[in-house]
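Got your viewer open? Let's take a walk through this structure, one selection at a time.

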Amino acid sequence: MAHSVPPLPYDYNALEPHIDEQTMRIHHDKHHATYVANLNKAVVDAPDLAAMTPLDIIQNLDAVPEALANAVRNNAGGHVNHTMFWEIMGPGGGGEPTGPLADAIAADLGGLTAAQEAVNAAGLGRFGSGWTWIVVGPDAKLAIVATPNQDNPLMDGAGTPILGIDVWEHAYYLKHQNKRADYLTGWWNVINWTAVSDRYTAAIG
Ligand code: MN
C-alpha cells in the first residue's frame with residue numbers, strides 16, 4: 001500500500017489573507033508530497049511497515065528497524081502531521097469553539113484566550129522547526145505541548161493531538177519572513193473549530 005497525499009479540501013487561496021496561496025501550493029504539493037515519497041521509499045523493502053497505516057507507524061516506532069528509524073520517524077510524522085493540518089483549517093474559519101470542547105478549554109486551559117496565548121508561546125519557544133499542539137492527555141484533560149521536527153505527541157504518549165500548528169519556516173516564511181509570532185496570531189483566523197471538535201470527541205471516546 002503506497003501512501004499518498006490527500007487532496008487539499010479547499011482551494012489553495014482559500015486561507016488568504018492569513019496564509020497565502022503560494023505558501024499553500026508549495027507546502028501541500030511539495031513539502032507534504034516529499035514526506036510521502038520518502039516514507040514510501042523507506043518502507044518499500046519492509047513489508048511489515050508497508051502494511052501499516054501512518055498512524056500505526058508513529059505509535060509503534062520501536063518496531064522500526066534501526067536502519068530505517070530516522071527516515072520513518074520523520075516522514076511518517078510529516079505525513080500524519082500535515083494530513084491533520086489541512087483538515088483543521090478552512091475558509092470562513094476562526095471564531096470560538098462551542099459545546100464540550102469549549103467546556104474543556106475553559107476547565108483545563110483557562111479559556112480560549114489563555115489557550116491561544118499558551119499555544120502560540122509554545123510555538124514561539126520551539127527553537128528551529130517543529131509543531132505546537134493541543135492534545136488530549138492520558139488523563140483525558142487538554143494539554144499544550146510542542147515537538148521538534150516532525151515528531152507527533154502520539155510518538156511518546158504525550159497525548160492525542162486535536163490541534164497542531166506547523167511552525168517550520170516553510171509554513172510562513174513567504175508571507176511573514178522571520179515573524180513567526182505574526183503567523184501564529186493570524187493562524188487562529190483559519191482554524192476549523194468543527195474539525196477540532198470532532199477530533200476532541202473522537203479522542204475522549
Ligand atoms: Mn510543514
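Before you click anything, keep in mind that this is a predicted model.

**Stop 1: Leu-163.** Select Leu-163 and show what surrounds it. Leaving out residues up to four places away in sequence, Leu-163 touches Met-84, Ile-88, Thr-132, Trp-133, Ile-134, Trp-187, Trp-188, Ile-191, Trp-193 and Val-196.

**Stop 2: the core around it.** Now add Met-89, Leu-142 and Trp-187 to your selection. Together with Leu-163, they touch the most other members of the largest nonpolar core, which has 39 residues. Where does this core come from? Helix 4 (69–87), helix 5 (99–109), helix 6 (112–124), strand 1 (130–136), strand 3 (160–166), helix 8 (180–187) and helix 9 (193–204) each give it two or more residues. Strand 1 has the largest share, with five residues. Try colouring by domain, too: domain 1 (21–87) and domain 2 (99–204) each supply at least three residues to this core.

There's also a second, separate core of 16 residues; select Ala-46, Val-64, Ala-76 and Leu-154 to see some of its members.

**Stop 3: the sheet.** Switch to a cartoon view and look for the three strands. They make an open sheet in the order 2-1-3, with antiparallel pairing. Which strands sit at the edges? Strand 2 (142–148) and strand 3 do, each pairing on one side only. On average, neighbouring strands here are turned by 25 degrees against each other, ignoring direction.

Zoom in on strand 1 and strand 2, whose antiparallel pairing runs over seven bridges. Pick Trp-133, and you'll find its bridge partner, Val-145, in strand 2. Next, bring in helix 4: this helix packs on the sheet and touches strand 1 and strand 3. The direction of helix 4 makes about 85 degrees with that of strand 3.

**Stop 4: the rings.** Show the aromatic side chains. How many aromatic pairs are there in the whole structure? A search finds seven. Start with Trp-131 and Trp-133, a stacked pair at 5.3 Å centre to centre, with 20 degrees between the planes. Both of these Trp residues are buried.

Then hop to Tyr-172 and Tyr-183. Why does this pair count as stacked? The ring centres are 5.1 Å apart and the planes are at 20 degrees, so the pair is stacked. Tyr-172 lies in the loop between strand 3 and helix 7 (173–176), while Tyr-183 is in helix 8, eleven residues apart. Buried or exposed? Tyr-172 and Tyr-183 are both buried.

**Last stop.** Select Phe-85, Trp-86, Trp-131, Trp-133, Trp-187, Trp-188 and Trp-193: ring pairs link them into a cluster.

Definitions and conventions. Residues are numbered from 1 along each chain as its sequence is written. This is a predicted model: local features need pLDDT of at least 70, side-chain atom pairs count only at pLDDT 80 or more; totals for chains, interfaces and linings use all residues. Side-chain values use heavy atoms; hydrogens and water are left out. A nonpolar core is a set of buried Ala, Val, Leu, Ile, Met, Phe, Trp, Tyr and Cys residues joined through side-chain atoms within 4.5 Å. Buried means under 20% relative accessible area, exposed over 50%, partly exposed in between (1.4 Å probe, protein chains only). Helices (H or I, at least four residues) and strands (E, at least two) are DSSP runs, numbered from the N terminus. Domain bounds come from an automatic or database domain assignment. Contact means heavy atoms within 4.5 Å. Rings of Phe, Tyr and Trp (its six-membered ring) pair if their centres lie within 6.5 Å; planes under 30 degrees apart count as stacked, over 60 as edge-to-face and the rest as tilted. Two strands pair if DSSP finds at least two bridges between them. Axes are lines fitted to C-alpha atoms, for helices over the stretch in contact, and angles run from 0 to 180 degrees between N-to-C directions.
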